[in-house]
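Hi,

Here is the structure I promised to send over. Have a look at it first, and then read my notes underneath.

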Amino acid sequence: MAERTGEVSRKTNETSVSVSVHIDGTGTGKISTGVGFFDHMLDQLCRHSLIDMDIDVKGDLHIDDHHTVEDTGIALGQAISKALGDRKGITRYASIDLAMDETMTKAAIDVSGRPFLVWNVAFSASKIGTFDTELVREFFQAFAQNAGITLHVLNHYGANNHHIAETCFKAVARALRTATEVDPRQANRIPSTKGTLV
């Protein structure tokens with residue numbers, strides 16, 4: 001099987017984003033967006049998906065974090081879509097309930113070629129440190145749209161907003177890991193009766 005890698009560079013008046021991914025990696029990477037909490041969350045996504053990620057972003061942080069977070073989601077989604085190619089042989093579906101201390105969050109994924117986000121996560125505060133909690137959804141919206149995946153995220157319960165955000169990233173990571181793995185029983189077949197997932 002060819003290496004499943006993808007690279008995307010995206011430059012606008014608001015951000016300059018460079019992303020490279022290796023689907024069959026070990027969860028290592030270099031992540032620098034200029035937004036500390038976001039870097040921490042992306043590190044969780046990388047580590048627990050076992051997808052190697054190099055992400056370098058320069059954004060208009062003098063305004064706020066919004067463009068940096070959204071544009072990272074766009075480029076990362078596009079890079080993963082490129083790396084998956086025609087999606088032949090993938091497991092396609094996965095879901096997990098992920099616990100972290102007092103918090104539990106579910107992520108369910110269909111690597112379908114049909115982008116959709118269902119987001120059922122509420123935060124009790126508008127910020128985690130200086131990071132706007134509403135940007136967690138913005139990232140996953142941009143990511144799902146550009147990766148071509150159907151993504152459902154449901155926070156069952158939790159009290160600590162940092163934990164709620166972190167379980168979202170970790171749960172998506174683990175579901176993404178399983179869904180993008182090659183199923184040896186159908187390694188040369190696209191997992192769809194349509195014959196295509198793109």
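Below is what I found in one sheet and the helices packed on it.

Keep in mind that this is a predicted model.

Let's start with the sheet. It is open and built from four strands with mixed pairing, in the order S5-S6-S10-S7. At the edges sit S5 (93–100) and S7 (116–120), each of which pairs on one side only. On average, neighbouring strands here are turned by 10° against each other, ignoring direction. S7 and S10 (residues 150–157) run parallel and are joined by five bridges. If you want a spot to zoom in on, Asn-120 stands opposite Leu-154 in S10.

Now the helices. H3 (residues 134–147) packs on the sheet and touches S7 and S10, with its direction at about 160° to that of S7. H4 (residues 161–180) packs on the sheet too, but touches S5, S6 (103–110), S7 and S10; its direction makes about 150° with that of S5.

How do H3 and H4 sit relative to each other, parallel or antiparallel? Their axes cross at roughly 20° and come within 11 Å. An angle under 35 degrees counts as roughly parallel, so H3 is roughly parallel to H4. The crossing of H3 past H4 is right-handed.

As for who touches whom: from H3 you have Val-136, Phe-139, Phe-140 and Phe-143, and these meet Ala-165, Cys-168, Phe-169, Val-172 and Leu-176 in H4. By class, that H3–H4 contact comes out as nine nonpolar residues, with no polar and no charged ones.

Cheers

Methods: Residues are numbered from 1 along each chain as its sequence is written. This is a predicted model: local features need pLDDT of at least 70, side-chain atom pairs count only at pLDDT 80 or more; totals for chains, interfaces and linings use all residues. Side-chain values use heavy atoms; hydrogens and water are left out. Two strands pair if DSSP finds at least two bridges between them. Helices (H or I, at least four residues) and strands (E, at least two) are DSSP runs, numbered from the N terminus. Axes are lines fitted to C-alpha atoms, for helices over the stretch in contact, and angles run from 0 to 180 degrees between N-to-C directions. Contact means heavy atoms within 4.5 Å. Angles under 35 degrees count as roughly parallel, over 145 as roughly antiparallel, 65 to 115 as roughly perpendicular and the rest as oblique. A crossing is left-handed if the near helix is turned anticlockwise from the far one by less than a right angle, and right-handed if clockwise. Ala, Val, Leu, Ile, Met, Phe, Trp, Tyr, Cys and Pro count as nonpolar, Asp, Glu, Lys and Arg as charged, and the others, Gly among them, as polar.
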